[in-house]
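Good morning. I have one structure to go through today, and I will spend most of the time on one part of it.

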Amino acid sequence: MGRSLAVDDNSTMSRLSKYSLGAALVAALVLGVVAAKLRSDHSFVVEASVENFRDAPNGTKLGTLLAGTEIESIGEEGQWVRFRVEGWVWGPSLEGYVSEEERDGPQEEPIPPLQDERPRIKELVNDRYGVFYGVGLDEDIGRLWLRFRVRDIEREAWEQRAFAVQRGAFELLQGRVEFSEIRIETNRPDGSGEVGQYIAATAAADLASAGDDWAVWRQHTRFSIDGGETWEEAE
């Protein structure tokens, strides 16, 4: 008769139990390492094709996250994960958005000298000589023009005002604006007519050489009383 092999069920079960317990401990250690890694990184990846995100657990839906979106956990409440996610959005679509260039203070284009001095020229005219209408420069011919309205004065007084305004504008603009002639354009000295009918035109060089001598200025100035259709020389 062959020999029979007796098996001690209690001993076998004991060995199996020890083996199973050891395997379980190893598995637990592995899972523990993985869990620790997740808690250390605080990062998760969305698995669902589309997942909602809300302002609070079971709160108002704020939007959706697409599959593959990586989020950083910053807290948990039950099975809800509070997260932080990094991404990019088109700035002009955001209310109150200001571009980086605007925040840094974009370089403003410099104000042209004539425009910059315009308030002072206006003040010069309005303060003593009439009502300012405008100032401009015809760069093609180098003509600076200045218009204002006068009221009820004699011809000689009108000439003196034209001279004074020319001198004042010249002093404000010399070295800043290039012009070869400066023209004063007004209405008639008695206050009637359109601005532009009476004209006093003087070369910039002659105005500079005349200084504050009105008589010398008159000798080098052309006058028109019909808007430039005809010209008269000073006596």
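At which residue does α3 bend, and by about how many degrees? α3 bends by about 40° at Pro119. The bend at a residue is the angle between axes fitted to the seven residues ending there and the seven starting there.

Before going on: this is a predicted model, where local features need pLDDT of at least 70, side-chain atom pairs count only at pLDDT 80 or more, and totals for chains, interfaces and linings use all residues. Residues are numbered from 1 along each chain as its sequence is written, and side-chain values use heavy atoms, with hydrogens and water left out.

The chain has six helices and 11 strands. These are DSSP runs, numbered from the N terminus: helices are H or I with at least four residues, strands are E with at least two. Of the 235 residues in the chain, 26% are buried, where buried means under 20% relative accessible area, with a 1.4 Å probe and protein chains only.

Back to α3. This helix covers residues 113-128, 16 residues, and reaches 23 Å from its first C-alpha to its last, close to the 22 Å expected at 1.5 Å a residue. The expected span is 1.5 Å times one less than the number of residues.

Which residues of α3 are buried? They are Leu114, Glu117, Ile121 and Val125. In an α-helix there are 3.6 residues a turn, so residues three or four places apart point the same way. The buried residues of α3 pack against β6 (131-138), β7 (143-149) and α4 (155-173); contact means heavy atoms within 4.5 Å. After α3 comes Gly130, with a positive phi near 160°.

How values were computed
Buried < 20%, exposed > 50% of the residue type's maximum accessible area, 1.4 Å probe, protein only.
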